[in-house]
Amino acid sequence: MLNIVLFGPPGAGKGTQAEFLINAFGLIHLSTGDLLRSEIAAGTKLGLEAKAFMDKGELVPDAVVIGMIKSKLEANKDAKGFIFDGFPRTVDQAKALDELLNANGTPISGMLSLEVEKQELIDRLLSRGISSGRADDQDQSIIENRINVYNEKTSPLIEYYKKQGKHFGINGMGTIDEIAERLKAVVEKL
Ligand code: ADP
């Protein structure tokens with residue numbers, strides 16, 4: 001089983017590249033951001049609670065996102081593998097994911113970490129805000145907060161996966177195709 005954590009700050013291109021990787025390798029895409037946005041769209045209680053955090057650019061509580069991932073893993077037992085996009089985002093989420101996957105004997109194969117300069121992240125998010133209408137992409141101070149939350153709570157995961165020998169840094173600057181090629185070259189060797 002090929003289990004990939006697609007990692008990087010907000011605006012690094014995780015969603016775009018996940019689309020390419022699921023097609024190239026036949027994997028299932030698990031994006032906690034997408035899952036949370038569908039809960040909001042469906043007007044569920046979980047969605048309503050999550051929205052308050054997301055609108056401020058804060059993280060949704062670990063228990064909520066871990067529960068969502070757990071049920072998706074259980075619902076897709078026959079999958080060839082998964083791309084985790086936007087998850088894990090804290091060390092506690094990473095530990096929970098390791099426990100879930102190790103219990104099935106299907107550990108993380110590798111963490112692909114997209115590296116993008118801060119100004120480029122802000123520019124990409126603001127232009128996505130114009131085209132997608134996503135509220136959290138339209139306000140520079142919310143974007144800055146998401147990048148700060150990433151630096152504080154999420155970037156420690158780089159060390160976490162380095163210690164397991166699973167971290168692969170990928171240059172995330174360039175065209176979509178160039179970055180896709182870089183990712184593909186790493187995934188083929190996992
Ligand atoms: P981006 O990577 O551009 O920030 P996402 O769609 O991954 O976009 O996430 C949007 C928002 O959803 C985050 O700012 C956060 O509030 C919430 N979110 C998504 N995934 C998680 C997660 N694993 N843990 C906590 N909150 C999450």
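**Two helices, one sheet and a one-sided helix**

In this predicted model, Thr32, Leu35 and Leu36 of helix H2 meet Val64, Val65, Met68, Ile69 and Lys72 of helix H4. Contact means heavy atoms within 4.5 Å. By class, this contact has 6 nonpolar, 1 polar and 1 charged residues. Here Val, Leu, Ile and Met count among the nonpolar residues, Lys among the charged and Thr among the polar.

H2 spans residues 32-42 and H4 spans 62-75. Their axes come within 11 Å and cross at roughly 100 degrees. That makes H2 roughly perpendicular to H4, a label for angles of 65 to 115 degrees. Axes are lines fitted to C-alpha atoms, for helices over the stretch in contact, and angles run from 0 to 180 degrees between N-to-C directions.

Now the sheet. It is open, with 5 strands in the order E2-E3-E1-E4-E5 and parallel pairing. Strands pair if DSSP finds at least two bridges between them. Helices (H or I, at least four residues) and strands (E, at least two) are DSSP runs, numbered from the N terminus. E2 (28-31) and E5 (167-171) stand at the edges with a single partner strand each, so one side of each has no neighbour in the sheet.

Last comes helix H8, residues 156-163. Its buried residues (under 20% relative accessible area, 1.4 Å probe, protein chains only) are Leu157, Tyr160 and Tyr161.

Residues are numbered from 1 along each chain as its sequence is written. Local features need pLDDT of at least 70, side-chain atom pairs count only at pLDDT 80 or more, totals for chains, interfaces and linings use all residues, and side-chain values use heavy atoms, without hydrogens and water.

Definitions and conventions: Angles under 35 degrees count as roughly parallel, over 145 as roughly antiparallel, 65 to 115 as roughly perpendicular and the rest as oblique. Buried means under 20% relative accessible area, exposed over 50%, partly exposed in between (1.4 Å probe, protein chains only).
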